[in-house]
Amino acid sequence: MTRSVFRYLRWTMAPETAPEAPEMVHELECMSCDAAAEPAEEFESARDWAFSHTSEHPSHRGYRETVTRFWRMTPTGGEGL
């Protein structure tokens, strides 16, 4: 028979801050066609793509942004696991 001990902890969730953690990633997709910007850590890169896309296709004015952000769960009160 296997025995287990369970502890109930309170947890906090916050953006990942470890030095090796990936940066937030921005992606923009045109809502008028299938065109999309390359994923980029800098929002300005995605935004520049949208301006360029609209200049080539003036009727394409709507965009959807997808942001990937990395999070970390930590027990509160300093409890370590």
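**Exercise 1.** In this predicted model, decide whether Ala-50 is buried or exposed.

*Solution.* Start with the relative accessible area of Ala-50, which is 10%. The cut-off for buried is under 20%, so Ala-50 counts as buried. Next, place the residue: Ala-50 sits in helix α1. Finally, look for its partners beyond four places in sequence: Ala-50 makes contact with Leu-28 and Tyr-63.

**Exercise 2.** Work out where His-60 lies, and which residues it touches when those up to four places away in sequence are not counted.

*Solution.* First, find the element: His-60 belongs to the loop between α1 and β3, the latter spanning 63-68. Then check its cover: the relative accessible area of His-60 is 13%, so this residue is buried. Now list the contacts: His-60 touches Cys-30, Ser-32, Cys-33, His-53 and Thr-54. To tie this back to Exercise 1, compare positions: Ala-50 and His-60 are 10 residues apart in sequence, and their C-alpha atoms are 9.2 Å apart in space.

**Exercise 3.** Classify Glu-41 by its relative accessibility, then find which residues gather with it in a patch of negative charge.

*Solution.* Begin with location: Glu-41 is in the loop that runs between β2 (25-30) and α1 (43-56). Its relative accessibility is 49%. Buried needs under 20% and exposed needs over 50%, so Glu-41 is partly exposed. A patch member needs over 30% relative accessible area, and Glu-41 has 49%. Last, name the companions: Glu-23, Glu-42, Glu-44 and Asp-48 gather with Glu-41 in a patch of negative charge on the surface. Nicely done!

Key
Residues are numbered from 1 along each chain as its sequence is written. This is a predicted model: local features need pLDDT of at least 70, side-chain atom pairs count only at pLDDT 80 or more; totals for chains, interfaces and linings use all residues. Side-chain values use heavy atoms; hydrogens and water are left out. Patches are made of residues with over 30% relative accessible area and no salt bridge: like charges are joined within 9 Å, nonpolar side chains (Val, Leu, Ile, Met, Phe, Trp, Tyr) within 5 Å. Accessible areas come from the Shrake-Rupley method with a 1.4 Å probe; for residues, only the protein chains shown count as cover. A salt bridge is a side-chain nitrogen of Lys or Arg within 4 Å of a carboxyl oxygen of Asp or Glu. Lys and Arg count as positive and Asp and Glu as negative; His and the chain ends are not counted. The place of a charge is taken as NZ of Lys, CZ of Arg, CG of Asp or CD of Glu. Helices (H or I, at least four residues) and strands (E, at least two) are DSSP runs, numbered from the N terminus. Buried means under 20% relative accessible area, exposed over 50%, partly exposed in between (1.4 Å probe, protein chains only). Contact means heavy atoms within 4.5 Å.
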